Amino acid sequence: MFLRLSKGVNPAAKRYGTNWIRAMANSPEKKENLYVLPMFPYPSGKAHMGHVRVYSISDCITRYKRMCGYNAGVWFATNAQVIQPMGWDAFGLPAENAAMERGIPPAEWTEKNIREMRKQIDGLNCLFNWEDEINTSKPEYYKWTQWMFLKLWEKGYVSRKSGLVNWDPVDHTVLANEQVDQEGRSWRSGAIVEKRVLDQWYILTTKMSDSLLKGLDSLPNWPSLVKTAQQRWIGKSDGCRVEFQIAGQNKTIPVFTTHVETIMGVSFIGLAATHPVTLSFTSQDANLREFLNHVSKCPYKVGEGGVAGYRLPLQVVHPITHALLPVYVCNYVLADYGDGAVMGVPSHDARDGAFASLLHLPATRVVEGKTLVNSGEFSGLNVAVAVRAIAAKAQKEHWGKPATQLRLRDWLVSRQRYWGAPIPAIYCPHCGIVPVPYADLPVELPPMTKDSVGKMAGDEAMSPLGRYQEWKRVKCPHCGCDHAERDCDTLDTFMDSSWYFYRYLDPHNASAFCSADRLNAYPRVNYYIGGAEHSIMHLLFSRFLAHFLYEQHLVPQPEPFDHLLTQGMVLGATYLDKETGAFLHPEDVERSGAKLVEKATGKEVVEKYLKMSKSKYNGIDPVEVLKQYGSDVVRVAMLMQCPPSNSFLYNKHCMAAAQDVVAKIDRICAICKEGKNEGEKPLDTNKFNSQFNKVLHDMNQFDFHNVISGLNIMMNLLADAAFSKHYVDHVKQVLLFWEPFAPQKSAACWRELQAARCIGAQEAFEQQRWPTAARSTNTTVIVQVNGKMKKTVALEAAEGLGDAELIALVEKKPEMRGLINFTAKDIRVIHKGQRVMVNYLR
């Protein structure tokens, strides 16, 4: 996240932001650049609590790193200009569908939503600058999206080919494999996806698979779950591809297998529902069509059993035994792995075994331990030796060969929609398909009025842009033919979001997607914050494009994101009827003893934390929350409950708890201004310094909840302590610790203390740095002999010491002389906060 001066916050906060920017620009201190970025939002028109959380996290990191001396994503030009952009992932189906429902152009709908969301996000008091805003639906942005596509095409990474694609029957468009969930439904409409054969544009991501896999090893600061998800999605497997001859035909069915050693146990061949051989029988076999329809509606789920199949009217020949094997369409065979076909080996695969048992197919065990059995000439061989021997035989006899298979498929980027970047390609009757010249970019969308909104509606035959006849007609850039036509599909919106982090650095550059100077200043995003749900699509496509641009010497680093922080969802308290599961409005629920019940009926109610939505009556309007509590309280609330990676459980108490914590800042500042406190006992500096050191450690780990907990303890200690000459110094440190979390409150209190002459006028808050020096703390050591206390010893700066180091320090103390005049059988050390018990056993 770059930094912003909010338009909607109060004048004091705005003045503080202005002072901070001036201080940064005029500072003679040489700073290291740092790029902190939250994933940019889709402009739905309504910010939600997930936005509040991610921006609270990213702004906290930015402010903390700025206080540590980094430039924290700020660009200083020679005239001290500060570039602090924000942007919108504005293209896509949601905007198009919403615009059609309302009868307005999507551009108008999108602009209206952006204006609304600007106002809403302003209330958080993050430091963005709207003057450098980007919008992926603007021609000056998607010119460079089209440029990326042409550059990929030029370098051999783009192909137009016929293939079996995922068709969304509701949104009337093609979906990439990554946009279809495990139940075979569209990620947008929820409709069961159909399979169709269409000519489409593909970006050849498979050509970069090795680089993408190896690159994951260079990302130690990514969550292991995300890296594992990408490794599995790329899915590189080494094995063998076996060609099974179709009996009576000069055709084969290729099968990729990672266990060719089991080939002598094959009793059938299983095909996916969308395998070309399967589809070749659908026109004349109504029963097969019915089976495939059932499979699409009720897909096989791992672990839930329910294997099923349909026998096709053909057989294949086993390449070694020459036995005839039946061919089945199996509901558990995946179309997007291998060749969409499997060797059915019932004795060595649970699903094959269940299927063979269902249809009474033979099952022969061919591997015992690590040795082949019942495998003819290969019996008795070790598995590893057998794999090489069978592969060699396959190559020699031309029925198979070693192969590497990827689960990853090429990126299908064609979309049959209006609201996207037009694909920069031209169809000429003489030259064929040719790219739009770079000089002719951007290929702009045809303008739309309210009267032409209906043209966006997709159908079975045509992309919406195909209805704009004047726009579609164009001269061929190669031969000048007047009868050429533009490609009428638009690019997948993930193409827009796969490079936006580069454009943020140089949003007004008309001659390049980003200048070399700025790319070298910020070679990659240091901290990228967003939801784990983007582990595959957005993050994988962004990595692919970065690897490509690096390969072409256009960016300085192959990996675009150094640290990846995946924040958990914000879940709302949700009330359900215990019997029916119906959602209930919170106002209709009350507590009766230890139970929750519905007010009207007295029926028992269950409380759960679920993803927020209107239908569950658990949604929270951030605008109303910010209006009621203010930005500081909301930010603190979103950060104090749990680590950023955990789900946040929102309820009516979390804001009140944060409000109480923030109010304590005023209390300790009031004590400073009054110069006195009702507390009589001196400050427990050991505990205070212990928490001080813990805050330093936890903040460096971004354990914000622990930092706030530590600050709360420090303020409680100060509130109970007598005023002393060091009291103000302690409060100053606490205010600096609070700046990333509650910037308005901490800055305001600092100015109040300046006005009361507790802090010098020259100590400008915006010029302060994050405390770095750990404070000394005393550790009390209770020395025992056989469990009886003999001496109490005070140690300074003993935190973090190992037991052996601590014992050595204790025994060096003068008061220990003569106490331990025997050789101990054992020394037991027990830690209890700032107290340690050392028990010497005779």
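In the predicted model, Ile-782 lies opposite Met-837 of strand β36. This pair belongs to the contact between strand β33 (residues 778-785) and strand β36 (residues 835-841), which run parallel and are joined by six bridges. Both strands are part of an open sheet of four strands with mixed pairing, arranged in the order β34-β33-β36-β35. The edges of this sheet are formed by β34 (788-796) and β35 (826-832), each of which pairs on one side only. From one strand to the next, the twist averages 20°. In general, the strands of a sheet pair through backbone hydrogen bonds, in either a parallel or an antiparallel manner.

A further open sheet of four strands shows antiparallel pairing and has the order β21-β20-β23-β22. Here the edge strands are β21 and β22 (473-474), and each pairs on one side only. Strand β20 (residues 425-428) runs antiparallel to strand β21 (residues 432-435), and four bridges join the two. The connection from β20 to β21 is a hairpin through three residues. Across this pair of strands, Ile-426 stands opposite Val-434 in β21, while Tyr-427 faces Ile-433 of β21. In a regular strand, side chains alternate between the two faces of the sheet.

The loop between β21 and α12 (469-472) contains Asp-440. With a relative accessible area of 47%, Asp-440 is classed as partly exposed, because this value lies between the limits of 20% for buried and 50% for exposed residues. Asp-440 and Pro-477 are separated by 37 residues in sequence, and their C-alpha atoms are 9.6 Å apart in space.

Among the helices, α4 (residues 106-122) comprises 17 residues and reaches 24 Å from its first C-alpha to its last, close to the 24 Å expected at 1.5 Å a residue. The buried residues of α4 are Pro-106, Trp-109, Thr-110, Asn-113, Ile-114, Met-117, Gln-120, Ile-121 and Asp-122. The elements that cover these buried residues include α2 (49-67), β4 (87-88), α3 (93-102), β5 (134-135) and α17 (622-629).

Helix α18 (residues 631-640) packs against helix α21 (residues 704-720) at an angle of about 115°, and their axes are 7 Å apart. Val-636, Leu-639 and Met-640 of α18 make this contact with Phe-704, His-705 and Ile-708 of α21. By residue class, the contact of α18 with α21 consists of five nonpolar residues and one polar residue, with no charged residue.

In soluble globular proteins, nonpolar side chains tend to be buried together. The largest nonpolar core of the model holds 168 residues, of which Tyr-500, Phe-513, Met-655, Trp-738 and Phe-741 touch the most other members. Helix α19 (residues 654-674) supplies the largest share of this core, with ten residues. When residues up to four places away in sequence are not counted, Phe-513 touches Trp-144, Trp-147, Met-148, Trp-499, Tyr-502, Arg-503, Asp-506, Leu-519, Leu-549, Leu-554 and Val-555. A second core of 38 residues is separate from the largest one and includes Leu-271, Phe-281, Leu-325 and Trp-399.

Note on methods
Residues are numbered from 1 along each chain as its sequence is written. This is a predicted model: local features need pLDDT of at least 70, side-chain atom pairs count only at pLDDT 80 or more; totals for chains, interfaces and linings use all residues. Side-chain values use heavy atoms; hydrogens and water are left out. Two strands pair if DSSP finds at least two bridges between them. Axes are lines fitted to C-alpha atoms, for helices over the stretch in contact, and angles run from 0 to 180 degrees between N-to-C directions. Contact means heavy atoms within 4.5 Å. Ala, Val, Leu, Ile, Met, Phe, Trp, Tyr, Cys and Pro count as nonpolar, Asp, Glu, Lys and Arg as charged, and the others, Gly among them, as polar. A nonpolar core is a set of buried Ala, Val, Leu, Ile, Met, Phe, Trp, Tyr and Cys residues joined through side-chain atoms within 4.5 Å. Buried means under 20% relative accessible area, exposed over 50%, partly exposed in between (1.4 Å probe, protein chains only). The expected span of a helix is 1.5 Å times one less than its number of residues.
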